[in-house]
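Work through the exercises below with the structure open. Try each task before reading its solution.

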Amino acid sequence: MFKKTWFIVLVTAIVTAGVVSGIWLIASRMTVPTYGGYVAIIKLSGNIAYQRSPISAFGATLTPDDVEELVKEVELDPYAKGVVLFINSPGGSASASEEIYNILRKLSETRPVVAYISEYGTSGGYYISLAADEIIASPTSMTGSIGAVSIYVNLQGLAQKLGLRAETFKSGRLKDIGNPFRELTDEERRILQSMVDSTAKIFAERVKEARGDKIKDWSEILTARPYIGLEAKDLGLIDDVGNLDKAISKARRLAGLPEESPYKWIKPKPPSLLDLLFGGESVRPIGVSFELLYMWPPPVSSIQLCLEEVKSPS
């Protein structure tokens with residue numbers, strides 16, 4: 001009787017989740033009154049990564065696959081005349097940021113695109129906004145941070161306290177560069193710093209391509225510090241400050257739409273019950289000790305905080 005009851009509960013839950021997902025899918029695809037066209041608002045929120053990784057294990061994740069799916073929905077709709085990118089992201093993986101930028105850049109070749117930075121549009125979050133024709137940010141949002149970062153965590157002291165000893169077998173002297181169970185050599189530090197500098201250079205080149213003469217002080221923005229929206233406007237990192245309505249109005253004007261024309265949110269679909277129960281490709285952790293990031297603030301996970309507590313017990 002007990003097993004039968006649980007079976008009924010499980011089936012009911014799966015059916016309910018399916019119905020809810022179906023209703024959401026139908027509602028999200030319903031055609032808004034177009035009056036000749038509308039503005040599509042693509043929601044881009046979360047840490048940028050290819051899948052749940054050390055930088056995104058405790059927050060929402062924005063992947064290139066997510067963005068490609070959202071963009072495809074807009075591209076296939078002839079009534080989507082203009083686009084607003086609603087960005088709320090501190091950035092993340094440098095490679096994933098570049099891929100998302102290219103996806104959005106391709107979209108901007110087919111219709112006007114305005115980026116709106118709501119709360120965070122820092123580092124990789126700002127990087128992807130460069131694909132837009134214009135950038136508008138909330139005056140108190142955080143943006144900028146033009147640069148790259150990587151955090152190396154040395155676990156050697158912790159391993160010794162726990163009585164753990166790691167042995168490495170390698171084919172070349174630099175094969176285990178970044179090994180968290182030993183100190184870095186000076187040569188390795190120079191190599192890793194060079195990788196970060198080269199990655200940051202690509203970021204700076206993207207800013208030059210997109211903003212060009214609009215940037216007022218290159219030496220200032222290349223310090224890689226973040227700015228609030230008002231400061232970013234003074235430096236030429238963004239075109240204007242304002243709210244989402246202002247970004248929608250700008251997209252309407254660029255698309256030649258009437259001011260009363262509607263808008264429609266384009267959001268990632270919610271996870272299914274099976275995704276929540278068993279996970280999927282996007283929630284498989286990656287075990288890496290060195291990752292090149294366009295991200296601010298730098299990632300500090302609860303695991304790292306716990307490690308610090310173990311290293312320095314009170």
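**Exercise 1. Find the contacts of Tyr126, leaving aside its neighbours within four places in sequence.**

Solution. Take contact as heavy atoms within 4.5 Å. Tyr126 then touches Ile117, Gly121, Ile135, Thr143, Gly144 and Ile146. Further along the chain, Tyr126 is also in contact with Phe203, Val207, Arg211, Leu237 and Ile238.

Some ground rules. This is a predicted model, where local features need pLDDT of at least 70 and side-chain atom pairs count only at pLDDT 80 or more, while totals for chains, interfaces and linings use all residues. Residues are numbered from 1 along each chain as its sequence is written, and side-chain values use heavy atoms, with hydrogens and water left out.

**Exercise 2. Place Tyr126 in the largest nonpolar core.**

Solution. A nonpolar core is a set of buried Ala, Val, Leu, Ile, Met, Phe, Trp, Tyr and Cys residues joined through side-chain atoms within 4.5 Å. Buried means under 20% relative accessible area, exposed over 50%, and partly exposed in between (1.4 Å probe, protein chains only). The largest core has 45 residues. Tyr126 is among those with the most contacts inside it, along with Ile42, Leu44, Leu85 and Leu104. Helix α3 gives this core its largest share, seven residues. Another core, of twelve residues, lies apart from it and includes Val84, Phe86, Val114 and Ile248.

**Exercise 3. Describe helix α3.**

Solution. Helices (H or I, at least four residues) and strands (E, at least two) are DSSP runs, numbered from the N terminus. Start with length: α3 covers residues 94-108, 15 residues in total. Its first and last C-alpha atoms are 21 Å apart, close to the 21 Å expected at 1.5 Å a residue. That expected span is 1.5 Å times one less than the number of residues. Next, the start: Ser93 caps the N-terminal end, with a side-chain oxygen 3.3 Å from the backbone nitrogen of Ser95. Last, burial: the buried residues of α3 include Ile100, Tyr101, Ile103, Leu104 and Leu107. An α-helix has 3.6 residues a turn, so residues three or four places apart point the same way.

**Exercise 4. Which residue forms a salt bridge with Arg206, and where do the partners lie?**

Solution. A salt bridge is a side-chain nitrogen of Lys or Arg within 4 Å of a carboxyl oxygen of Asp or Glu. The whole structure has 15 of them. Arg206 pairs with Glu98, with the closest N and O atoms 2.6 Å apart. Arg206 sits in helix α6 (residues 186-211) and Glu98 in helix α3, 108 residues apart. Arg206 is buried, at 16% relative accessible area.

Now try a network. Lys170 and Asp176 meet at 2.9 Å, N to O. Lys170 is partly exposed at 41%, whereas Asp176 is buried at 11%. Salt bridges link both residues with Arg182 and Glu188.

**Exercise 5. Trace the aromatic pair of Phe203 and Tyr294.**

Solution. Rings of Phe, Tyr and Trp (its six-membered ring) pair if their centres lie within 6.5 Å; planes under 30 degrees apart count as stacked, over 60 as edge-to-face and the rest as tilted. The structure holds seven such pairs. In one of them, Phe86 and Tyr116 are tilted, with centres 5.9 Å apart and 45° between the planes. Both Phe86 and Tyr116 are buried. Phe203 and Tyr294 are tilted too: 4.8 Å centre to centre, 55° between the planes. Phe203 lies in helix α6 and Tyr294 in strand β12 (residues 293-295), so this pair ties together parts 91 residues apart in sequence. Phe203 is buried at 0% relative accessible area, and Tyr294 is buried at 2%. Ring pairs join them with Tyr101 and Tyr127 in a cluster.

Technical notes: A polar contact is a pair of N or O atoms within 3.5 Å; within protein, one must be able to donate a hydrogen and the other to accept it, and residues adjacent in sequence count only if both atoms are side-chain atoms.
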